[in-house]
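User: Hey, got a minute to go through this one with me? I'd like to start with the charges.
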Amino acid sequence: MKVPFVNLTKHYESLKPQIDKAIHSVLSAGNFIGGEPVRLFEKNFAGLCSAKHCVGLGNGTDGLFLALRALNISSGDEVITPAWSWISTSEVITAVGAEPVFVDVDSTYYTVTALEIEKKITSRTKAVIVVHLYGQMAEIDRIKELCQHKNIAIIEDCSQAHLSEADGIIAGVAGDCGVFSFYPTKNLGAFGDAGCIITNSKELAIKIRRLANHGGLTKDEHLVEGFNSRLDTLQAAILNVKLPYLSIWTKRRIELAQLYKSELIGIREITLPQVRHNSVHTFHLFVVLAERRDQLRKYLFEREVQSLIHYPKALPFEPAYSYLNHKKSDFPVSVSLQESVLSLPIYPELEKDQIKYVCKSIRSFYETF
Ligand SMILES: *Cc1c(COP(=O)(O)O)cnc(C)c1O
């Protein structure tokens, strides 16, 4: 049985008539930048996340960059960011001229904690980028309490956490702003690059919209120097078709994660993902810790089960950050995750039989080797 890591063709086919219609209506209208599809998406996505404002952008990385810019973070400033994340969350800090300060994650949920962030705060700390990883929110209430007390901005990276919740708070509205990626494989994905920022601050929303649009809200206005990072009209039209299904797809991911857990329970060599109390983990990824991970991965691959590693290396140990001269002991949790994390296929179109096959294969690997 083949179990691909993702299947975007199957995903498209599930909505083909509606998506084709949406694409053709943009093509016929001949308006490819901005317009009604973008406005509609911003309105509906803000509504779904209970945010006052949403600004569509070219991608999630731009969102993080523009958030830092809009918060006036620049050279001489420090921004705290997880050692265990995708590189977007640290490269944007350098891009605005500030310094990334890496913090280790906790060993149960793999997200940053107020306790560890506090240790890294200096008089130069201006912001924290909190990443809600794999679909699960970090302890945002405690982090918010700490940052408010110290007058430090919070940018939530929600690229892996569409509709995730913690203590009744939905991802993206607890901090100053929440950044989303709609990269094709994300829980809500476009058919190309796309992203957005949500915020309850009108001032921040306007600032980000200006920055993303050459410094103005209209074509002929350049209040400041900006950039070009707009949500593409075609992508917005596609996202408008998909948005009403996000809750259903999320429920399906949670259901599939539950099946994985019940099928994998009792395998001593596998550590299952833990869900924080009183929270909604939306399982962008289903990540287990596996003993003899690389050997298992190869075995699964031979049985036509694709798996991935998020991430092969903690950020401070990527060549791009060798100048920081970090030691392994600076980030013990991230270092241990490097050796053992394994992402198993999870997406709404995945069949339950496929999951059972994956789990049976894992079981047989540990029984054999
Ligand atoms: C996907 C992702 C991003 C960046 O998104 P792009 O839209 O590809 O730029 C940022 N942070 C995290 C944690 C991500 O997973």
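Analyst: Sure. Keep in mind this is a predicted model. The protein chain has 41 positive and 41 negative charges, and their mean positions lie 3 Å apart.

User: OK, and how much surface does the protein chain expose?
Analyst: About 16200 Å², with carbon and sulfur atoms supplying 53% of that.

User: What share of the residues is buried?
Analyst: Buried residues account for 55% of the 369 in the protein chain.

User: Switching to overall shape: what's the radius of gyration, and what would a compact globule have?
Analyst: The protein chain comes out at 21 Å. For 369 residues a compact globule would be near 21 Å, so the two agree.

User: And the box around the C-alpha atoms, what are its dimensions?
Analyst: Roughly 70 × 55 × 35 Å, taken along the principal axes.

User: How many helices and strands are there?
Analyst: 13 helices and 13 strands in the protein chain.

User: What about contacts between residues at least 6 apart in sequence, how many of those join residues at least 24 apart?
Analyst: That's 71% of them in the protein chain.

User: Now a single residue. Where is Thr-94 found?
Analyst: In helix 5, which covers residues 88-95.

User: Why does Thr-94 count as partly exposed?
Analyst: Because its relative accessibility is 39%, and partly exposed runs between the 20% limit for buried and the 50% limit for exposed.

User: Last one: what separates Thr-94 from Gln-306?
Analyst: Along the chain, 212 residues; in space, their C-alpha atoms are 34 Å apart.

Definitions and conventions
Residues numbered from 1 in each chain as written. Predicted model: local features only at pLDDT ≥ 70, side-chain atom pairs only at ≥ 80, totals over all residues. Heavy atoms only, no water. Helix = DSSP H or I, 4+ residues; strand = E, 2+ residues; numbered from the N terminus. Rg over C-alpha atoms; globule rule 2.2 N^0.38 Å. Buried < 20%, exposed > 50% of the residue type's maximum accessible area, 1.4 Å probe, protein only. Contact = heavy atoms within 4.5 Å. Areas by Shrake-Rupley, 256 points an atom, 1.4 Å probe, with all protein chains shown as cover. Lys, Arg positive; Asp, Glu negative; His and termini not counted. Charge placed at Lys NZ, Arg CZ, Asp CG, Glu CD.
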